[in-house]
Amino acid sequence: MATTVLRSCNLCEAGCGLRFDVEGDRILSVHPDESDPLSQGYVCPKGMAIAAVHDDPDRLRRPLRRRPDGTFEEIGWDDAFELVGRKLRRIRAEHGADAVAVYFGNPLGHSYSGVLALGAFVDSLGTRNRMSASSQDTAPRFAASYYLYGNPAIMPVPDVDRTDWFLCIGANPVVSQGSAMVTPNIRVRLRGIRERGGKILVVDPQRTETAKAADEHVFIRPGGDAAFLLAMVQTLVAEGHVRRDVVDTIASGWDAVESRLAPFTPARTQAMSGIAPDVVRRLAREFAAAERGVIYTRVGTCNNEYGTLATWANDLLNLVRGRLGEPGGAMFPVPALDGAAGMQMTGLNGHGRWHTRVRGLPETAKDVPASTLAEEIETPGPGQVRAFVSVAGNPVLSTPNSRRLDAALEQLDFMVSIDLYLNETTRHADVILPPCWALAETHSEPLAPSMSLRQHVRCDPPVVPKGPDEKADWEILLRLSEEVGGGPTGMKVVDRVLNLAKRAGYRHDPKRTLDMLLRIGPHGDWYLPWKRGLNLKRVQAAPHGVDLGPAPRGIRHRLFHRDGRVHLVAVPILDALAALARDLERPDRPSDLLLIGRRHLRSNNSWMHNVEALATGRDRCVLFVHPADAERIGLRDSRPAVMESRVHSGEVPVRVTDEVMEGVVSLPHGWGHGPSAAWQQVAGRHAGVSANDWTDDQRVESVVGQSILNGVPVRLRPAATRPSL
Ligand SMILES: Nc1nc2c(c(=O)[nH]1)N[C@H]1C(S)=C(S)[C@@H](COP(=O)(O)OP(=O)(O)OC[C@H]3O[C@@H](n4cnc5c(=O)[nH]c(N)nc54)[C@H](O)[C@@H]3O)O[C@H]1N2
Ligand SMILES: Nc1nc2c(c(=O)[nH]1)N[C@H]1C(S)=C(S)[C@@H](COP(=O)(O)OP(=O)(O)OC[C@H]3O[C@@H](n4cnc5c(=O)[nH]c(N)nc54)[C@H](O)[C@@H]3O)O[C@H]1N2
Ligand code: SF4
Ligand SMILES: [Mo]
């Protein structure tokens, strides 16, 4: 008999409401949930295609072992666990815990049980070589928040629903549906700004879908954000627009910052940002005049040389105009699952406490930059990485200079992947452990609610039953934890007790941990039956989750510094300011074009390209080149060009378009599926090339060692003549 299941989509932060019609383990249809209070019936093409992943015959169902000839054979779960456990234990015993590196990718961040189990596994393993998609995404945001607010998980969320002047920099929410801001159906919200008489501005090297929906679009040179944003602050100072009453009440260190702003005049920053001084001044004045203005930066701003400084400067701008914690400004929600408190408890609240062996790059929230993985595998000596565990990640397509990593993975003594597919990364694994697809598990977003203007919490039932031979990510990770001598928490004493309890019949269930975290969280019932607060039962009883109201005003409630203030002064930030001031004088290299990326509504980083409905249509993996550059170099539309960077030279199809700024070329990441064509039929037919073949692992962001994925110097020339593509 068919049943209906309501559930939020687990593919990205927006968490749109979906309605599934299901019969047994068959998903009959997927619809937008019109009654979802947050997404209100919005669903993107990926959400609509989510059932195709469930049905995909290429999705792995059973563990695989690699044969010496590179082909794979199925093995049983017990044999697989025994083999992985034995190898990891042996390598750790012989070479130390750091000899085992772990990388986890984006999808794990949407699984509460996966995140908890991964933390336990890495802690049980004891390695400092923990890497993730974070160093391609949020590490600069984490570091800026750590220094400003005392905790990486404190994210100011732009109040797009109440603002009347929204400056969006280095983000394309009309496609991404918001990053570090939960904004499903952002188009409607943006329309709301204009209907209120407000203004939307976009600063981006591309005329994006968001730029097209805005009132004004300003081109910026890739990597110019920190210079541009500091010039905005400098203008506010010079023209007397700093709200000293606010700054002195909630922050410390303003005088030290102000005294260092002098070099960042609109005129001196122009070469780096490409934005004319009068435009910077006008934007600063408009922001100062706006009653409810807010400035927002995201991935495009993070993934370049001054990503942390730019993110910090973004918050500084909102601060000096009194916009932090004010309606229409940047809000600080209090989530039911308090990620910031969790970071504090599990030792993630920090930066620079240790550094990588080869290049000395710092950890951020216990993560070291993923761009160090290849060199840590290749470089001999104590601590050399000899085993690698990848979990829900595809670093061979998502991290810089990925051909080097692709080769390095073959040098490992042992590799295991926990993944749904055989792909560019997992093809190197000795063992692949495929989890059941997320739809067969209970779902609750662990991180997104920390970035939602509307505070809410939701826990959805599985859509389809889990097969008898299927295991969830958390079950696999828990078993690996046990194999390396740990347990469900990663805390030695607790795990010892839980492992003893297991003998007496105790079975760990992450739902119990979820219940505990909800109960002791900021909205919890604290196990007091007369309190009306949250527990798992109450959350599960509400099909659309529990609404906890809008994010409160103010900021003090989310400050983790002991003195309850925003700290503007931190050594790494002041160092970055000094370095940028010197860099303003750096001579330009006009012969280089700058490579950046872009996302598409029908793609999800490097995966879901095996879904026919998402992969077909006009070729998307093409290089956008400005007509003036194409003319100068002699490139023609739909013809291939040879693109060359420090690390790679290869062909790429060209589309001539004025949607990119002159001097800038753009290629989406996540393609390059040639190597996995044998295992992913659809993706293999739309293979494309990988943008990260050209990005450089050795040039990193200055504070956290973030990968520089935007603004990569490249040269182009026409490829040898061939028939049109
Ligand atoms: N050049 C360039 N590179 C970029 C970016 C860019 O803008 N430009 N963006 C970066 C960003 S923001 C990110 S987040 C990263 C993403 O990079 P990654 O996180 O490394 O990789 P994804 O492409 O998200 O691939 C996810 C993997 O998880 C698998 N998977 C999917 N669902 C599950 C699941 O439930 N369980 C398990 N175990 N596996 C699952 C998929 O098969 C796939 O192999 O890419 C980064 N790379
Ligand atoms: N459809 C779809 N949605 C997604 C994803 C996806 O792959 N597909 N991925 C999800 C993930 S993992 C993430 S992290 C979010 C990211 O979501 P967003 O943060 O919105 O990021 P992008 O959509 O990559 O937009 C980044 C913008 O930065 C611009 N840019 C590049 N370099 C610079 C620069 O130096 N300065 C400035 N100012 N701009 C620059 C690019 O042109 C691009 O328009 O999206 C999520 N949503
Ligand atoms: S925007 Fe698309 S992928 Fe993201 S949650 Fe909504 S439906 Fe899912
Ligand atoms: Mo991301």
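These legends accompany a set of close-up views of a predicted model.

**View 1. Ligand 1 and its surroundings.**
Welcome to the first stop, where 26 residues gather around ligand 1. Y103, N106, S398, D419 and S606 come nearest. From the backbone of N106, an N or O atom lies 2.7 Å from an oxygen atom of the ligand. Two side chains approach nitrogen atoms of ligand 1: a polar atom of N692 lies 2.9 Å from a nitrogen, and a polar atom of R599 lies 3.2 Å from a nitrogen.

**View 2. Ligand 2 and its polar neighbours.**
Here 33 residues surround ligand 2, with D204, Q206, D225, R599 and S603 the closest. It is worth looking at both backbone and side chains in this view. A polar backbone atom of S603 is 2.5 Å from a nitrogen atom of the ligand. On the side of D225, an N or O atom of the side chain is 2.6 Å from a nitrogen atom of ligand 2. N304 faces an oxygen atom of the ligand instead, with a polar side-chain atom 3.2 Å away. Readers coming from the previous view will recognise R599, which is one of the closest residues to ligand 2 and also has a polar side-chain atom 3.2 Å from a nitrogen atom of ligand 1.

**View 3. Ligand 3 in its cavity.**
Ligand 3 sits in the second largest cavity. Around this ligand are C9, L11, C12, A14, G15, C16, V43, C44, K46, G47 and Q177. How does this shell divide into nonpolar, polar and charged residues? There are 7 nonpolar, 3 polar and 1 charged.

**View 4. A salt bridge between D697 and R404.**
The model holds 52 salt bridges, and this view picks out one of them. The side chains of D697 and R404 meet with N and O 2.8 Å apart. D697 belongs to the loop between α27 (681-685) and β28 (712-718), while R404 is in helix α19 (residues 402-409), so this pair ties together parts that are 293 residues apart in sequence. The two partners can be told apart by their accessibility: D697 is buried, at a relative accessible area of 2%, whereas R404 is partly exposed at 24%.

**View 5. A salt bridge between R715 and D592.**
In this pair, the side chains of R715 and D592 come together at 2.9 Å, N to O. R715 is part of strand β28 and D592 of the loop between α24 (571-583) and β23 (593-596), so the bridge ties together parts that are 123 residues apart in sequence. R715 is partly exposed, with a relative accessible area of 41%, and D592 is buried at 15%.

**View 6. A salt bridge within helix α22, and a network elsewhere.**
Now for a pair within a single helix: D515 and R519 both lie in α22 (residues 510-519), 4 residues apart, which is about one turn of the helix. Their closest N and O atoms are 3.5 Å apart in a salt bridge. Are these two residues buried or exposed? D515 is buried, with 17% relative accessibility, and R519 is buried as well, also at 17%. A further group to look for is the network of salt bridges that links D78, R89, R479 and E483.

**View 7. Strand β17 and the loop that follows.**
S390 is in strand β17 (residues 387-391) and is buried, with a relative accessible area of 0%. Its side chain makes a polar contact of 2.8 Å with the side chain of S417. A392 is found in the loop between β17 and α18 (395-398). What is the phi of A392 near? The value is near 50 degrees, positive in a residue other than glycine. Most residues other than glycine have a negative phi. A392 is buried, at 16% relative accessibility.

**View 8. N185 in the loop before α7.**
Another positive phi in a residue other than glycine appears at N185, near 55 degrees. N185 is in the loop between α6 (173-176) and α7 (186-195). With a relative accessible area of 17%, N185 is buried.

**View 9. L167 in strand β9.**
The last close-up visits L167, in strand β9 (residues 165-169). L167 is buried, at 0% relative accessibility. From L167 to T513 the C-alpha to C-alpha distance is 39 Å, and the two are 346 residues apart in sequence.

Terms used: Residues are numbered from 1 along each chain as its sequence is written. Chains are lettered from A and ligands numbered from 1 in the order in which they are written. This is a predicted model: local features need pLDDT of at least 70, side-chain atom pairs count only at pLDDT 80 or more; totals for chains, interfaces and linings use all residues. Side-chain values use heavy atoms; hydrogens and water are left out. A residue is near a molecule or strand if one of its heavy atoms lies within 4 Å of it. On a 1 Å grid over the protein atoms alone, a cavity is a set of points where a 1.4 Å probe fits but cannot get out, and a pocket is an open set with protein on both sides within 12 Å along at least five of seven lines; lining residues have an atom within 4 Å of a point. A molecule sits in a cavity or pocket if more than half of its atoms lie within 2 Å of its grid points. Ala, Val, Leu, Ile, Met, Phe, Trp, Tyr, Cys and Pro count as nonpolar, Asp, Glu, Lys and Arg as charged, and the others, Gly among them, as polar. A salt bridge is a side-chain nitrogen of Lys or Arg within 4 Å of a carboxyl oxygen of Asp or Glu. Helices (H or I, at least four residues) and strands (E, at least two) are DSSP runs, numbered from the N terminus. Buried means under 20% relative accessible area, exposed over 50%, partly exposed in between (1.4 Å probe, protein chains only). A polar contact is a pair of N or O atoms within 3.5 Å; within protein, one must be able to donate a hydrogen and the other to accept it, and residues adjacent in sequence count only if both atoms are side-chain atoms.
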